[in-house]
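These are my notebook entries on one protein chain. I set down what I looked up, entry by entry.

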Amino acid sequence: MKNKFYASILLISCFLLTGCPDDRSITYSTIKSVKPLLFSFQENGIYPYLDHFNREELGIGIIPDSTMDKRIYFSAFLSDLPTYARSDPNEYVQTNQIDSVNIFTVYDFNENYPAGSKINEMLLYLDGMGDTSPIENLSEQKFVSLSLKFSEIPSHDTLQFRVTGRITDEGTFDEKTELVILD
């Protein structure tokens, strides 16, 4: 009887003093496939599916198209309580990345980039605030998703790009953006 009493006091102390939640989960997310997305910037942000693309403000995104998520639940009492009490009870772990990316024109882009040209050096990194910066060795970068902006303007009306790369632990991919014909 005394043991149950002391165990109850210890349990209540844990919840009152450390704020232990009832459960803990870890979600493991694995990229299975990717999709390249051609987009245009407008006054209100990025729009991937517009009737009118702004040829002076074009970008390309590489995003996970299919992922596999596996969530594992733990009881607070099965883990180290002091460490657990100070950590996020819902942890997220990305198990793989996209790497070895190369982007090629399918149609003539301009005089510098005819059909079949690799355009990695023409692309700028685009952050979440809309700022751009040079990206060195795009083919050696590792990421989960990536947004890039074109540093040159197309002189031809037909745009489509082939994106090749690798998903770590999954294999290579070779995908095309949607075909866009500029006005």
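**Entry 1. Aromatic cluster.** I looked up the aromatic residues in this predicted model and noted that F109, F150 and F161 form one aromatic cluster. My search of the whole structure returned 3 aromatic pairs. I recorded two of the pairs in detail, since a pair of aromatic rings is described by the distance of the centres and the angle of the planes.

For F109 and F150, I noted ring centres 5.5 Å apart and planes at 20°. Planes under 30 degrees apart count as stacked, so I entered this pair as stacked. I then placed the two residues: F109 is in the loop between β5 and β6, and F150 is in strand β9, 41 residues apart.

For F109 and F161, I noted ring centres 6.0 Å apart and planes at 55°, so I entered this pair as tilted. F161 lies in strand β11, and the pair therefore ties together parts that are 52 residues apart in sequence.

Are these three rings buried or exposed? I found F109 at 0% relative accessibility, F150 at 5% and F161 at 1%. Buried means under 20%, so I listed F109, F150 and F161 as buried.

**Entry 2. Nonpolar core.** I next looked up the largest nonpolar core, which has 28 residues. Within this core, V101, I103, F150 and F161 touch the most other members. I also noted which strands contribute: β1, β3, β5, β9 and β11 each supply at least two residues. Beside this I wrote a general remark: in soluble globular proteins, nonpolar side chains tend to be buried together.

Which residues does F150 touch, apart from those up to four places away in sequence? I listed L38, L58, G59, I60, F109, I119, M122, L123 and F161.

**Entry 3. T177.** I found T177 in the loop between β12 and β13. At 2% relative accessibility, T177 counts as buried. Leaving out residues up to four places away in sequence, I recorded that T177 touches P36, L37, L38, I60, Q160 and F161. L38, I60 and F161 are also among the residues that F150 touches.

**Entry 4. Surface patch.** I then turned to the surface and noted a nonpolar patch of about 300 Å², made by Y107, L179 and I181. I181 lies in strand β13, residues 180-181. With a relative accessible area of 58%, I181 is exposed.

**Entry 5. Positive phi angles.** I looked for residues other than glycine with a positive phi and recorded S100 and D169. The phi of S100 is about 55°. S100 is in strand β5 and is partly exposed, at 32% relative accessible area. The phi of D169 is near 65°. D169 is in the loop between β11 and β12 and counts as exposed, at 70% relative accessibility.

**Entry 6. Whole chain.** Finally, I looked up totals for the protein chain. The chain has 2 helices and 13 strands. Of its 183 residues, 34% are buried. The chain exposes about 11,200 Å², and carbon and sulfur atoms supply 50% of this area.

How much of the contact total, among contacts with a separation of 6 or more, comes from residues 24 or more positions apart? I entered 68%. I set this figure beside the F109 and F150 pair from my earlier entry, which links distant parts of the chain.

Notes: Residues are numbered from 1 along each chain as its sequence is written. This is a predicted model: local features need pLDDT of at least 70, side-chain atom pairs count only at pLDDT 80 or more; totals for chains, interfaces and linings use all residues. Side-chain values use heavy atoms; hydrogens and water are left out. A nonpolar core is a set of buried Ala, Val, Leu, Ile, Met, Phe, Trp, Tyr and Cys residues joined through side-chain atoms within 4.5 Å. Buried means under 20% relative accessible area, exposed over 50%, partly exposed in between (1.4 Å probe, protein chains only). Helices (H or I, at least four residues) and strands (E, at least two) are DSSP runs, numbered from the N terminus. Contact means heavy atoms within 4.5 Å. Patches are made of residues with over 30% relative accessible area and no salt bridge: like charges are joined within 9 Å, nonpolar side chains (Val, Leu, Ile, Met, Phe, Trp, Tyr) within 5 Å. Accessible areas come from the Shrake-Rupley method with a 1.4 Å probe; for residues, only the protein chains shown count as cover. A salt bridge is a side-chain nitrogen of Lys or Arg within 4 Å of a carboxyl oxygen of Asp or Glu. Rings of Phe, Tyr and Trp (its six-membered ring) pair if their centres lie within 6.5 Å; planes under 30 degrees apart count as stacked, over 60 as edge-to-face and the rest as tilted.
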